[in-house]
Amino acid sequence: MSAYEMNFDGLVGPTHNYGGLSYGNVASQSNSQAVSSPREAALQGLTKMKALLDMGFKQGVLAPQERPDVAALRALGFSGSDAQVVEKAAKQAPALLTACSSASSMWVANACTVSPSADTADGRVHFTAANLNCKFHRSIEHPTTSRVLAAMFNNEQHFAHHPALPPVAQFGDEGAANHTRFCKSYGEAGVEFFVFGRSAFDSCFPAPQRYPARQTLEACQAVARLHGLDDAGVVYAQQNPAVIDQGVFHNDVIAVGNGEVLFHHQDAFLDTEQVLAELHDKLGRRGGRFRAVCVPRDAVGVEDAVQSYLFNSQLLTRADGSMLLIVPDECRQNERVWQYLSQLTAEDGPIREVKVFDLKQSMQNGGGPACLRLRVALKDNEFQAVNPGVVMSATLHDTLVAWVNKHYRDRLTESDLGDPQLLTECRTALDELTGILKLGSVYPFQID
């Protein structure tokens with residue numbers, strides 16, 4: 001049975017704004033208070049989805065969250081009608097309203113961790129929603145995320161869904177942004193690679209001093225247990241605390257993997273040689289030939305990597321077996337990074353081609369091509385069980401472009417978040433979207 005990796009990209013929500021909410025994310029903080037364009041952000045994301053579809057890759061779409069999150073504001077003491085809750089929050093606690101209006105669910109690499117059926121004990125594809133408890137504005141996402149995923153992968157024979165881990169610091173889980181998978185082919189057993197920033201219970205592991213380490217070792221281990229993964233197919237690695245303190249808040253800002261290849265910065269991990277040796281050994285035992293493409297710090301510094309999001313790229317396998325790297329335009333604008341990429345593709349290595357996309361609206365908020373997509377390896381029969389409403393096609397692309405142009409504002413400032421009309425606009429748009437994507441009732445306003 002054939003198998004492939006499918007990318008489900010997050011559809012940018014109508015409240016996309018630059019609230020500067022993500023401490024430790026340099027781009028998010030440096031662009032705080034800037035004027036955003038939700039319409040442009042959503043259209044840029046849809047352009048990337050359509051381009052990958054046209055290149056022959058299987059592509060899907062993952063719906064945004066309902067924002068502002070009125071239920072979260074009510075839980076924090078605001079009362080009255082939904083419009084009154086928004087108005088009161090805007091006057092009394094604008095920072096809370098900004099947090100409850102974040103469109104950060106667009107970065108679906110943080111939505112969950114996925115293990116393909118070839119790796120799991122029960123032979124099903126497993127999903128565990130990420131608790132994202134390091135940041136309040138993201139910690140409120142997982143209930144809706146779980147409902148959306150269940151509506152997309154709604155077949156118990158093929159798919160298993162787990163709720164988020166306990167929402168405490170010891171089990172901080174940021175989803176697929178700190179997880180990747182290596183394999184000889186997508187339908188065969190592979191090696192799942194979990195990267196953590198700190199250990200919650202073992203003081204022997206060092207920790208960053210400036211910025212928080214969002215992913216714990218204990219969260220990684222819990223997800224591996226929930227998914228029924230064999231120890232022979234799992235590798236845990238600690239992210240270098242020094243790079244976290246330079247703004248590398250997730251592993252996918254400093255490394256990306258696909259197939260048998262890991263593309264990483266020289267300073268990405270602690271004990272790099274040991275990590276690479278374990279990946280090589282375990283993948284070899286599963287019939288694969290692990291290859292590491294290391295970017296030396298002399299060629300590209302960590303600061304260059306963070307500014308350009310070189311590693312927050314999509315590493316994709318073409319039909320002929322060669323690999324393609326999808327990068328943001330910021331890579332082309334960084335002289336050192338672009339020089340490195342030009343040399344990389346000229347060499348006889350696994351990465352043969354680079355394609356550039358304009359994702360400025362997302363990039364200014366701290367998320368690149370890899371942040372915008374969730375990877376799901378599927379066999380043919382599992383693909384047939386996916387909700388067809390979320391599978392990208394030329395028709396769906398055109399429908400979503402028209403939907404965005406109909407419902408999204410071109411400009412949005414932080415002060416606009418207090419406009420009760422924005423809440424009405426968002427709910428109207430999302431109610432129509434669930435019909436387009438055949439999701440049923442997944443949003444609180446639809447359920448309540």
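The following legends describe an overall view and several close-up views of a predicted model.

**Figure 1. Overall architecture of the protein chain, with 18 helices and 15 strands.** The radius of gyration is 21 Å, close to the 22 Å that the globule rule gives for 448 residues, so the chain is as compact as a globular protein of that length. Along its principal axes, the C-alpha trace spans about 60 × 45 × 45 Å. Of the 448 residues, 60% count as buried. Among contacts with a sequence separation of 6 or more, 77% are made by residues 24 or more positions apart. The accessible surface comes to about 16700 Å², and carbon and sulfur atoms contribute 48% of this area. The chain carries 38 positive and 50 negative charges, whose mean positions are 2 Å apart.

**Figure 2. The positions annotated as "active site", namely Glu 174, His 250 and Cys 371.** The annotation is taken from an unreviewed UniProt entry. Although these residues are spread over 198 residues of sequence, they cluster in space, with a largest C-alpha distance of 11.3 Å. Direct contact within the annotated set is illustrated by His 250, which touches Glu 174.

**Figure 3. Surroundings of His 250, in the loop between α9 (241-244) and β9 (255-258).** His 250 has a relative accessibility of 2%; because this value is under 20%, the residue counts as buried. Beyond residues up to four places away in sequence, His 250 touches Asn 110, Glu 174, Ala 177, Asn 178, Arg 214 and Gln 239.

**Figure 4. Surroundings of Cys 371, in the loop between α14 (360-363) and β15 (373-379).** The relative accessibility of Cys 371 is 3%, and the residue therefore counts as buried. When residues up to four places away in sequence are not counted, Cys 371 touches Met 106, Trp 107, Val 108 and Ala 109, together with Asp 252, Asn 312 and Gly 366.

**Figure 5. Helix α8 (residues 217-226) and the strands packed against it.** Seven of the 10 residues of α8 are buried, so the helix is largely enclosed by the rest of the structure. The buried positions are Leu 217, Glu 218, Ala 219, Cys 220, Ala 222, Val 223 and Ala 224. These residues pack against four strands: β3 (112-115), β4 (125-129), β7 (191-196) and β8 (234-238). After the helix comes Gly 228, which has a positive phi near 70°.

**Figure 6. Leu 422 in helix α17 (residues 420-436).** With a relative accessibility of 2%, Leu 422 counts as buried. Its C-alpha atom is separated by 9.1 Å from that of Arg 67, a residue 355 positions away along the chain. Apart from neighbours within four places in sequence, Leu 422 is in contact with Thr 15, Arg 409, Leu 412, Asp 416 and Leu 417.

**Figure 7. Val 302 in helix α11 (residues 302-308).** Val 302 has 7% relative accessibility and so counts as buried. Neighbours within four places in sequence aside, Val 302 is in contact with Val 243, Gln 246, Val 248, His 265 and Asp 267. One of these partners, His 265, lies 37 residues from Val 302 along the chain, and the two C-alpha atoms are separated by 7.9 Å.

Definitions and conventions
Residues are numbered from 1 along each chain as its sequence is written. This is a predicted model: local features need pLDDT of at least 70, side-chain atom pairs count only at pLDDT 80 or more; totals for chains, interfaces and linings use all residues. Side-chain values use heavy atoms; hydrogens and water are left out. Buried means under 20% relative accessible area, exposed over 50%, partly exposed in between (1.4 Å probe, protein chains only). Helices (H or I, at least four residues) and strands (E, at least two) are DSSP runs, numbered from the N terminus. Contact means heavy atoms within 4.5 Å. UniProt positions are given in the numbering used here, feature names are shortened, and annotations may be inferred rather than shown by experiment. The radius of gyration is taken over C-alpha atoms; the globule rule is 2.2 Å times the number of residues to the power 0.38. Accessible areas come from the Shrake-Rupley method with a 1.4 Å probe; for residues, only the protein chains shown count as cover. Lys and Arg count as positive and Asp and Glu as negative; His and the chain ends are not counted. The place of a charge is taken as NZ of Lys, CZ of Arg, CG of Asp or CD of Glu.
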